[in-house]
Structures are given as structure tokens and as C-alpha cells.
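Biologist: Please take a close look at one part of this predicted model. What lines the largest pocket, and what can be said of the elements that take part in it?

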Amino acid sequence: LSTFTVISDMVREVGGDKIEAISLTKPGTEIHGYEPTPGDLVRASKADIIFDNGLNLEVWASKLYASIPDVKHVTLSQGVVPISIEEGLYKDKPNPHVWMSPKQALIYVENIRKALTELDPENAVYFKQRADAYSQKIKALDTKLREAVSTVPENHKFLVTCEGAFSYLTTDYGLKELY
């Protein structure tokens, strides 16, 4: 079980047909302020493992985990050097949108591989092969993005969005983030 769809997709890429990857939340759900339902608690209690992002993205998850202390959970941002949010309500808190960076997403892939291997050591080689293949896709995307951004003049390297969710991406590619 994963706290949201992006993580569930990543877990599915690594776990393949050896796992059933389910997202606790549905596509389009506002993950920051989500409130688990009684049905979510039942689903979580039946999970073999729960994957979360951490870095205060799913503040509600601590209550969920307190209700199901026997279910293991893994925080995928473990090992990431966080970037602080520079302004607004969450100023100086870690920016939780780490997966937006292909470079940082590789840390998530490795954390997923390790957790699945601990859970199911018989499929360790399978999980490693899938994690390696997924990592290669992510690295190819990184190369493609890096090449595309290299063609943009320095004085035009801006990423303008509606929120500051792309700090890891803009850091990786030398862009200025505006919102």
C-alpha cells in the first residue's frame, strides 16, 4: 500500500507482477490535507508494507501508523538531502516533492527495492532487475531533460508554475523556479 498514486506507480515499476501495488488515495486527491477514512484504516491494516514519501507530505500518516503498529512502513525520501521551502506558510520546512527530480527519484527506487527485498527475499533478483531497468529509464529521462535545458539561453531558464513543487527539478537543471 502507498500513501499516494505516484509512489504506488513507482512501487509497481519495481515490484512488477510479484506484488499488488495499491494507492491509499485516488488520483487527484489533495495529499497534503488528506484524512484517512475507516476503510483506509482497514486496507492499511491488511497491507504487508506501506510506502510513504515523508518530509511532512502526509502529516496524517502518523495517526494512521499509530492505529496499525504491526504494519511496517517505509519512508522513500530517506537518504535525500532536503531542499527548504523558501517562502509562504511552510517557509524553512523541507520541500516534500522530491520525486520530481529524476536524480532524487533514483533514491526512491533503491529504497523500494530494499524494502521489497526484505519483505520477499526469494524475489530479490527479480526486484533488482526491475529496479535497474526502471533506473535506466529515469536516467535516460534525466539525459533528455539535461540536453533540452542546455539549449535554453541562461537568461530564459525559468520554470513558472502555480506552486513551489519543482525545487528539486529546477536545482538539478539550473533553472529558476517562479510561481
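Modeller: Two elements, helix H6 (167-173) and strand E4 (176-178), each contribute at least two residues to the lining of the largest pocket. The space in this pocket comes to about 670 Å³. Its lining consists of 27 residues, and those closest to the centre are Ile85, Glu86, Asn95, Gly164 and Tyr179. Sorted by class, eleven of the lining residues are nonpolar, ten are polar and six are charged.

Strand E4 also leads to a feature of the surface. Leucine 178 belongs to this strand, and together with Phe158 and Val160 it makes a nonpolar surface patch of about 270 Å². The relative accessibility of leucine 178 is 34%, so the residue counts as partly exposed, a class that runs between the 20% limit for buried and the 50% limit for exposed. That value also meets the patch criterion, because a patch residue needs over 30% relative accessible area.

Two loop residues deserve a note on backbone geometry. Aspartate 92 sits in the loop between strand E2 (72-75) and helix H4 (102-119). Its phi is positive, about 70°, although the residue is not a glycine. Aspartate 92 has a relative accessible area of 57% and is therefore exposed, the cut-off being over 50%. Leucine 55, which is not a glycine either, has a positive phi of about 55°. Leucine 55 lies in the loop that runs between strand E1 (49-52) and helix H3 (61-67).

Note on methods: Residues numbered from 1 in each chain as written. Predicted model: local features only at pLDDT ≥ 70, side-chain atom pairs only at ≥ 80, totals over all residues. Heavy atoms only, no water. 1 Å grid on protein atoms, 1.4 Å probe; cavity = no way out; pocket = protein on both sides within 12 Å on 5 of 7 lines; lining within 4 Å. Points joined across faces, edges and corners; volume = space filled by probe spheres on them. Helix = DSSP H or I, 4+ residues; strand = E, 2+ residues; numbered from the N terminus. Nonpolar A, V, L, I, M, F, W, Y, C, P; charged D, E, K, R; others polar. Patch = residues over 30% accessible without salt bridge, like charges linked within 9 Å, V, L, I, M, F, W, Y side chains within 5 Å. Areas by Shrake-Rupley, 256 points an atom, 1.4 Å probe, with all protein chains shown as cover. Salt bridge = Lys/Arg side-chain N within 4 Å of Asp/Glu carboxyl O. Buried < 20%, exposed > 50% of the residue type's maximum accessible area, 1.4 Å probe, protein only.
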